[in-house]
Amino acid sequence: QIFQPLHKFVMLTDLSPTTKMNLFQSVTSALDNTLASDPTAVIFGEDVAFGGVFRCTVGLRDKYGKDRVFNTPLCEQGIVGFGIGAAVAGATAIAEIQFADYIYPAFDQIVNEAAKYRYRSGNLFDCGNLTIRAPWGCVGHGSLYHSQSPEAFFAHCPGIKVVIPRGPVQCKGLLLSCIADQNPCIFFEPKILYRAAVEQVPTEAYTIPLSQAEVIQEGSDVTLVAWGTQIHVLREVANMAQEKLGVSCELIDLQTILPWDTETVCKSVAKTGRLLISHEAPITGGFAAEISSTVQEECFLNLEAPIARVCGYDTPFPHIFEPFYIPDKWKCFDAVKKLISF
């Protein structure tokens, strides 16, 4: 079982009423709340009018009309370019890229236009009302072009925010925060969790702060940091470490990749003295390297062992070899053992 609800704080589910939602339904709920409350909001992308390939926009066109939920040509740079223009003109623009793997044709529009629009105009103009959604990460059978995790490419780009949720409650709250935020945001949704992750989610709108990591489980011996699907892998690793090794792990969900919460991570590492970071993307230049570098600078005298990274290999994402490629619980557990025995 990939997913189990992880909430240190119950305040979110204290909001009423709640209903049982999987992750894609929590996306739909967030979009529904936005369209209902903001008359300028529009949703557009490939196939969104009939509900999208992952069903995230089901029913929204019928409810709000074809002028607010509509299909685009198969042209990612056009989708984002249109979104920038709509946001600059005052609309709340929510663009869908059908898979994160296909966001690259829009790279110039995101990095050279959306991210720099406010800066280059001296804050006279901005496209802060733009949010770009995209299904992200491995799914078990996606191979080269439907499995990638491109968050590190955008982490190098000042002027945008990059957010990745771990489950339905976080997905809705963080997506609504991205939509409300006055900076262009990229919101990556772990597609393997679209149906696997199910929780009680508030039906009304609520937000979860961006750039704020969540300490899901407190511990004293090793800090484990991840985001998205990998949080659930490290949850299993934390349980295995406690049961098999008597090792207490502190588990942190980064949630926002850019700008990331350095304070929460460094505070934890100063306490535990050991850090393991894990993500599906290739290890070289992955975001784990940025976290590792920052922690080494800030917590050097606190470290009891070299920082460990357990990530994807430096190869294209494979098809039949996916089980060997992904940073599974056994690879991460071995890394914990090495950290403790150093």
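## Exercises on helix α4 and the aromatic pairs

In this predicted model, the buried residues of α4 are Glu76, Ile79, Val80, Gly83, Ile84, Ala86 and Ala87.

**Exercise 1.** Work out where these buried residues sit around the axis of α4, and find what covers them.

*Solution.* Start with the general pattern: an α-helix has 3.6 residues a turn, so residues three or four places apart point the same way. Now turn to the buried residues of α4, which include Ile79, Val80 and Gly83. They span an arc of only 165 degrees around the axis, and therefore lie on the same side of α4. Finally, look at the cover: it includes β2 (41-45), β4 (92-96), α5 (107-114), α6 (117-120) and β5 (130-136).

**Exercise 2.** Compare the expected span of α4 (residues 76-88) with the distance between its end C-alpha atoms.

*Solution.* Take 1.5 Å a residue: the 13 residues should span 18 Å. The end C-alpha atoms are 18 Å apart, so the two values agree. Just past the helix, have a look at glycine 90, which follows α4 and has a positive phi near 115 degrees.

**Exercise 3.** Classify the pair of phenylalanine 154 and phenylalanine 188, and say which parts it ties together.

*Solution.* First, the geometry: the ring centres are 6.3 Å apart and the planes meet at 45 degrees, making this aromatic pair tilted. Next, the location: phenylalanine 154 belongs to helix α7 (residues 151-155) and phenylalanine 188 to strand β7 (residues 185-190), so the pair links parts 34 residues apart in sequence. Last, check burial, which means under 20% relative accessible area: phenylalanine 154 is buried at 0%, and phenylalanine 188 is buried, also at 0%.

Definitions and conventions: Residues numbered from 1 in each chain as written. Predicted model: local features only at pLDDT ≥ 70, side-chain atom pairs only at ≥ 80, totals over all residues. Heavy atoms only, no water. Phe/Tyr/Trp six-rings, centres within 6.5 Å; stacked < 30°, edge-to-face > 60°. Helix = DSSP H or I, 4+ residues; strand = E, 2+ residues; numbered from the N terminus. Buried < 20%, exposed > 50% of the residue type's maximum accessible area, 1.4 Å probe, protein only. Expected span 1.5 Å × (residues − 1). Arc of directions from axis to C-beta. Contact = heavy atoms within 4.5 Å.
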